[in-house]
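Student: I have a new structure open and no idea where to begin. Can you walk me through it?
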Amino acid sequence: MATVAITGAARGIGLELAAQHIAAGDTVLALPRKASPALEELAASSGGKLTIHLCDVANDASVRAAAASGDGVIDVLYNVAGVTGPMANELEGADWDAWNEAFAIMVQGPLRVLQAFLPRLREGSRVINVTSQIGASTWPMGGFYSYAAAKAALNRLMRSVATDLKPKGIVIGLVHPGWVQTDMGGPNAEITPHESAAGLLKLGTEWTLADTGEFRKWNGEPHAW
Ligand SMILES: NC(=O)c1ccc[n+]([C@@H]2O[C@H](COP(=O)([O-])OP(=O)(O)OC[C@H]3O[C@@H](n4cnc5c(N)ncnc54)[C@H](OP(=O)(O)O)[C@@H]3O)[C@@H](O)[C@H]2O)c1
């Protein structure tokens, strides 16, 4: 049975991923920035297998405190936390506070979390970063400037991290989770959180060092960069 840590576990894909790992008999460190009733319910019904450690991925002290809440090995660390930011094009002005927030959460956040948990990662541990098709150069639409830029930066950043951690045997994955029916994806999205999380769990269980730093879809297919 694995021990996994999940940021952004309060709702959406992160919450469903936590539920599926619990159902699989794994131990889950849920890392929400604030707990939600649904996550607290999951913890209460998990027989002690799911513990909650508050973790605002944009805040150094918060992330370090969450990582220091134990010293056991983490088999899979999922960087899930994300925000949409402004959706329109920003050709005539931008909300720079929103840009800073997007980068703090979706670029610096995953690195900050990885740094803090690195002492708890071992050969064979996996770090699965939930990114987006919108960060790929092949994404055909405009808009989403800060979100697209942040996810593209995350992809490039984690490719470098993958190279640097390969000698330690730590695997880095980049995953587009699909267009998912969550608060972020909206009700008309293509797949359910259950389908998305099932794909992420499979990738988190199977990703090999030979494929470290690759970009995939939730169903395991390669994603264009
Ligand atoms: N849904 C989609 O269609 C889709 C598509 C492509 C990629 N993604 C990516 O998938 C990931 C999960 O998205 P989702 O659809 O599950 O979104 P969601 O339902 O909006 O949930 C976002 C989660 O991120 C958390 N979060 C935001 N800022 C945080 C911070 N500073 N520290 C810790 N947690 C924070 C939120 O916590 P609070 O409850 O505290 O706000 C929430 O739990 C994101 O990285 C997103 O970019 C989603």
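Tutor: Sure. Start at the N terminus and read along: the elements of the protein run β-α-β-α-β-α-β-α-β-α-β-α-β. Keep in mind that this is a predicted model.

Student: How many helices and strands does the secondary structure of the protein come to?
Tutor: The count is 6 helices and 7 strands.

Student: What about overall form? What radius of gyration does the protein have?
Tutor: The protein has 16 Å. A compact globule with 225 residues would have a value near 17 Å, so the two agree.

Student: And what does the C-alpha trace span along its principal axes?
Tutor: About 50 × 40 × 35 Å.

Student: How much of the protein is buried?
Tutor: Buried residues are 45% of the 225 residues.

Student: What share of the contacts joins residues 24 or more positions apart?
Tutor: That share is 65%, taken over contacts with a separation of 6 or more.

Student: New topic: the ligand. Which residues come nearest to the ligand?
Tutor: There are 29 residues around the ligand, and G8, G12, G82, T182 and G185 come nearest.

Student: Which element gives the largest share of that shell?
Tutor: Helix 1, residues 12–23, with 3 residues.

Student: What's the mix of classes in the shell around the ligand?
Tutor: The shell has 15 nonpolar residues, 9 polar and 5 charged.

Student: Back to helix 1. How do helix 1 and helix 2 cross?
Tutor: Helix 2 covers residues 37–44. The axes of the two helices come within 11 Å and cross at roughly 10 degrees. Angles under 35 degrees count as roughly parallel. Helix 1 and helix 2 are therefore roughly parallel to each other.

Student: Which residues make that contact?
Tutor: From helix 1, L15, A18, A19 and I22. From helix 2, A38, L39 and L42.

Student: And by class, what are they?
Tutor: The contact has 7 nonpolar residues, with no polar and no charged ones.

Student: Let's pick some single residues. Where is R112?
Tutor: R112 sits in helix 4, residues 96–117.

Student: Is R112 buried or exposed?
Tutor: Buried. It has 24 other C-beta atoms within 10 Å, and 20 or more is the cut-off for buried.

Student: What does R112 touch, beyond residues up to four places away in sequence?
Tutor: V57, D60 and V63. Take V57: it is 55 residues from R112 in sequence, yet their C-alpha atoms are 7.1 Å apart in space.

Student: Now A2. Where is its place?
Tutor: A2 lies in the segment before strand 1, which covers 3–7.

Student: Why does A2 count as partly exposed?
Tutor: Because 18 other C-beta atoms lie within 10 Å of A2. Partly exposed falls between 12 or fewer, for exposed, and 20 or more, for buried.

Student: Which residues is A2 in contact with, leaving aside neighbours within four places?
Tutor: D26, D75 and V76. As for distances, A2 and H21 are 8.6 Å apart, C-alpha to C-alpha, and 19 residues apart in sequence.

Student: One last residue: F144. What is its phi?
Tutor: Near 50 degrees. That is a positive value in a residue other than glycine.

Student: Where does F144 sit?
Tutor: In the loop between strand 5 (126–130) and helix 5 (145–165).

Student: And is F144 buried or exposed?
Tutor: F144 counts as buried, with 22 C-beta neighbours inside 10 Å.

Note on methods. Residues numbered from 1 in each chain as written. Predicted model: local features only at pLDDT ≥ 70, side-chain atom pairs only at ≥ 80, totals over all residues. Near = placed C-beta within 6 Å. Helix = DSSP H or I, 4+ residues; strand = E, 2+ residues; numbered from the N terminus. Nonpolar A, V, L, I, M, F, W, Y, C, P; charged D, E, K, R; others polar. Rg over C-alpha atoms; globule rule 2.2 N^0.38 Å. Contact = placed C-beta atoms within 7 Å. Axes fitted to C-alpha atoms, helices over the stretch in contact; angles between N-to-C directions. Parallel < 35°, antiparallel > 145°, perpendicular 65-115°, else oblique.
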